[in-house]
Amino acid sequence: MVNKHEGVFTKADEDSFEVFAVYCGLALHHAKLYDKIRRSEQKYRVALEVLAYHSVCNKDEVAKLQKMEIKDRVEELETFEFNYLRMSELEKPLYAISMFKTLFQDQFRYDRDDLIRFVLTVRKNYRRVAYHNWAHGWSVAHAMFVLLMHTSRDIFNTHEALALYVSCLCHDLDHRGKNNAYMKTMMTPLASIYTTSVMEHHHFNQTVTILQQVG
């Protein structure tokens with residue numbers, strides 16, 4: 001049709017080519033639409049799975065921490081040698097809040113109750129897997145806390161330090177105990193949504209979801 005060997009292009013040729021072009025356009029449009037629908041279905045499945053497993057922290061948990069004293073500074077935390085394994089489940093969120101206060105209490109205003117709910121919700125959104133769990137998230141946040149405490153304020157400004165601490169605390173949210181290769185090989189819904197760095201994208205989106213929650 002494109003390389004006509006004899007004669008000139010006629011009106012019939014033009015009409016045929018137009019129909020063919022429309023057909024190709026419709027085919028591409030429907031292919032993209034199908035892919036969009038498929039991705040939406042996978043996102044929906046992931047959302048249902050997350051909602052079924054997780055929830056925000058409950059009021060009783062918040063009330064318990066609200067009644068407890070949260071120190072502005074705990075000097076034993078300011079060293080890499082601090083052993084987080086000897087802490088109780090109640091002490092971990094308390095110390096996570098204390099580290100936040102030590103770093104930022106004089107830098108900007110924040111609501112204490114919102115901070116308590118945030119930390120408890122982060123804890124709630126870590127699954128009970130062997131390694132990438134709440135204790136691991138806390139440990140990484142503690143390492144960043146020590147680093148920031150021994151780093152000049154000229155290196156990281158307040159917003160950068162805040163981003164580093166929060167990202168460390170949340171960096172493995174909703175980890176399923178499997179790596180990216182497994183997710184892709186098993187064709188999980190998450191792998192269908194994120195083509196690269198499957199779990200890393202998911203951790204980030206979980207963090208943003210928690211940060212965007214009102215109250």
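**Getting to know Arg123 and His132**

This is a predicted model whose protein chain averages a pLDDT (the predictor's confidence in each residue, from 0 to 100) of 89, with 95% of the residues scoring at least 70. Residues are numbered from 1 along each chain as its sequence is written. Local features need pLDDT of at least 70, side-chain atom pairs count only at pLDDT 80 or more, totals for chains, interfaces and linings use all residues, and side-chain values use heavy atoms, leaving out hydrogens and water.

**Exercise 1.** Work out where Arg123 sits and what surrounds it.

*Solution.*
1. Start with the helix: Arg123 is part of H4 (residues 112-124). Helices here are DSSP runs of H or I, at least four residues, numbered from the N terminus.
2. Is Arg123 buried or exposed? Arg123 counts as buried because its relative accessibility is 18%; buried means under 20% relative accessible area, exposed over 50%, partly exposed in between (1.4 Å probe, protein chains only).
3. Now the neighbours: leaving aside residues up to four places away in sequence, Arg123 touches Glu61, Glu89, Pro93 and Trp134. A contact means heavy atoms within 4.5 Å.
4. Zoom in on Glu89: its backbone oxygen is 3.1 Å from a polar atom of the Arg123 side chain.

**Exercise 2.** Do the same for His132.

*Solution.*
1. His132 sits in the loop between H4 and helix H5 (134-149).
2. With 24% relative accessibility, His132 counts as partly exposed.
3. Its contacts, again not counting residues up to four places away in sequence, are Tyr126, Arg127, Asp172 and His175.
4. Finally, check the record: UniProt puts the feature "active site" (unreviewed entry) at His132, though such annotations may be inferred rather than shown by experiment.

Definitions and conventions:
Helices (H or I, at least four residues) and strands (E, at least two) are DSSP runs, numbered from the N terminus. A polar contact is a pair of N or O atoms within 3.5 Å; within protein, one must be able to donate a hydrogen and the other to accept it, and residues adjacent in sequence count only if both atoms are side-chain atoms.
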